[in-house]
Amino acid sequence: MKDFLIVGAGLYGSVIAHELTRKGYSCIVIDKRGASGGNIRTEMREGIMVHEYGAHIFHTSDEQVWKFVTDLVPMSPFVHSPVACFKGSFYSLPFNMHTFKALFGTSEPEEARARIEKEALEEKMRIVKERRSKESGSSARTSYNDVTDQDPEVDQTCKVSRNTGTTEKNIEDIRDRFEEDREIKEFAPANLEEQALVTVGRTVYETLIKGYTAKQWGCDPRMLSADIIKRIPIRYTYKEDYFNDRYEGLPSTEAGGYTGLIDRLLEGVEVRLDTDYLALREQRDPDTWYKDPGLGLAKRVIYSGAVDEFFCSCYGPLAYRSLRFEQEELETDDFQGHAVVNYTDSESPFTRIIEHKHLTADYRPSGRPFTVITKEYPKLFAEGDERFYPVRDNVSMERYNKYMELAAGCPLVAFGGRLGSYRYLDMDKVIKAALEDAGRLRDGGEERNTVKNDSDTV
Ligand SMILES: Cc1cc2nc3c(=O)[nH]c(=O)nc-3n(C[C@H](O)[C@H](O)[C@H](O)COP(=O)(O)OP(=O)(O)OC[C@H]3O[C@@H](n4cnc5c(N)ncnc54)[C@H](O)[C@@H]3O)c2cc1C
C-alpha cells in the first residue's frame, strides 16, 4: 500500500507527487482522463506546440516558483500581449495608449486620462440621476439634480461630449462640483456594467468589455456582480505586456512544453490514467469506504477533483462555467498573425482564437503551409462537461463552505488545486499551494482542509 493516492495528474497533483516522492514517500497518481497534465496539457503537431485546453502563459513574480519550474524545464521567453477584435477593428489589451489612440485618437497620456475620466464621470452622474428619477415621488432632491436643474450648461456639457467625443467644457470644474455631492462620492456600482462604466467610461465598455463579458458569463453584464471586475487595468503608457510579473515564459518546445514539465514532475511516480476515483469508490461498500478513502491503494488521499462531486453533491452542485474548444488545422502559414485574439463583439460566438504557433517562441516550421487554431466558446457547465471556471456566487460559496465542514471530518483526505479549492488559480499559485501543502503533509502535519468559511464570492 502506498503512502498517498493522488487524484488528478494535473499541475497540482503532479507537483505534490513530485515533492512527496522526493522526500521518500510512495505515491500513486490516478486521472480519469487518458493523458496527464490536466488543463495545461500540450501536444506537438508538426513542430507546433498545441495547448489542448486554451492558451497557457506562465507568469509569476515568485522567485521560489520560478526556480522550481526552471530547475525542471528550460523556459522560452514569451510576452503575452493579446489584441481585441471588435467588428473587424483591432485594439491592444490591456487598455493602454495604443487602445486609446485607436478609440479616441488621443496620443498623450493626459489627454487619454482626461477622456476616460470624463466619460466615467458622465456615467456616474447619469446613473445617479436615473436612480433618483426611479425613486421619484420622493420629494428629496440630490444636490446633483439641484445643480443640473439650476445649470443647464452642465447637462449640455454631457450631451455635447457624448455626441461628439470632445470635451467642450472644463470637466475638472464640473467634477469638482459633483464630487462634493454625497451620492456621487458614495456611489456604489450595483452590477458589473455600472462598475465598468464608472471606471472606464462608455466607449471602452461597449467596445471591449460588454460583448466579451456577456459571452464569457452567458448573461447580461447587468446581472453580474460588480466585484468581478473590481480592478480594471488601465495603462496610460504604450507598454503592451499583459502581465506585470517579473518572470514570464513557456516551457520550451525542446523540453516538450507543459507536457514535458508534467512528465518531469511525474518521473518515478506510478500513474494510472483512465482511472476515475469516483468510479473506483462506487465499487466499494458505501457504508465503509470513508474509513479507507485510499481505496486499498494508499493510506491517505490528496484530491484535486471537484469537491462537490466528491461529496456526491449532497448540498447541491457548485456552479461552474465550461468551455468548448474547436480546433482547426489549416493549410496556411499564418491565420491571424498573433497568438491570442479576443473577440469582444457580441456577433462572434467565440470569445477568442488562439493560433498556437505564435505561442511557440522556438517553433520550427515543418516546410509546408500549416497552422493550428483553437476557437473558445464559453458555455454553462452541464453534466459531462469539463469544469473550467468556478462561479463563486453566494449560493455556491454557501454550499462550498458546507462541503469544507464535511471535509474537516475526513482527516485522511486533503483537497487542493483548482477544483479542490473551488477557486480560479493561475499556474504559479497552484505550484505555490502544492509546494506548501506537500510541505505540511511531509512534515507529519495532518491533512487539514483549511479553506473554511471561505466567503470570497464573485
Ligand atoms: C482556458 C484556461 C486558460 C488558462 N490560462 C492560464 C494562463 O495563461 N496562465 C496561468 O497561469 N493559468 C492559466 N489557467 C489556469 C490553469 O489551467 C490552472 O492553474 C491549472 O491547470 C490548475 O491545475 P490543477 O491540477 O489544479 O487542475 P486541473 O488541470 O483541472 O487538473 C485536475 C485533474 O484532476 C482530474 N480529475 C478530476 N476528477 C477526477 C476523478 N474523480 N478521478 C480521477 N481524476 C480526476 C482531471 O481529469 C484533471 O486532469 C487557465 C485556465 C483555463 C481554464
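At what angle do the axes of helix H3 (residues 97–104) and helix H4 (residues 109–134) cross? In this predicted model, the two axes come within 10 Å and cross at roughly 65°. Because angles of 65 to 115 degrees count as roughly perpendicular, H3 is roughly perpendicular to H4. The crossing of the two helices is left-handed. On the H3 side, the contact is made by Met97, Phe100 and Phe104, and these meet Pro109, Ala112 and Arg115 of H4. Sorted by class, this contact of H3 with H4 holds five nonpolar residues, one charged residue and no polar ones.

A pair of strands offers another feature to look for. Strand E7 (residues 83–86) and strand E8 (residues 89–92) run antiparallel and are joined by four bridges. One partnership is easy to follow by name: Cys85 has Phe90 in E8 as its bridge partner. In the hairpin that E7 and E8 form, two residues lie between the strands, and Lys87 takes a positive phi near 45°.

Turning to the ligand, 35 residues surround it. The closest of these are Gly8, Gly10, Gly38, Gly305 and Gly417. Several helices take part in the shell around the ligand: helix H1 (11–22), helix H11 (277–282), helix H14 (417–420) and helix H15 (427–442) each supply at least two residues. What classes of residue make up this shell? The residues around the ligand divide into 18 nonpolar, ten polar and seven charged.

Terms used. Residues are numbered from 1 along each chain as its sequence is written. This is a predicted model: local features need pLDDT of at least 70, side-chain atom pairs count only at pLDDT 80 or more; totals for chains, interfaces and linings use all residues. Axes are lines fitted to C-alpha atoms, for helices over the stretch in contact, and angles run from 0 to 180 degrees between N-to-C directions. Angles under 35 degrees count as roughly parallel, over 145 as roughly antiparallel, 65 to 115 as roughly perpendicular and the rest as oblique. A crossing is left-handed if the near helix is turned anticlockwise from the far one by less than a right angle, and right-handed if clockwise. Two residues are in contact if their C-beta atoms, placed from the backbone, lie within 7 Å. Ala, Val, Leu, Ile, Met, Phe, Trp, Tyr, Cys and Pro count as nonpolar, Asp, Glu, Lys and Arg as charged, and the others, Gly among them, as polar. A residue is near a molecule or strand if its C-beta atom, placed from the backbone, lies within 6 Å of it. Two strands pair if DSSP finds at least two bridges between them.
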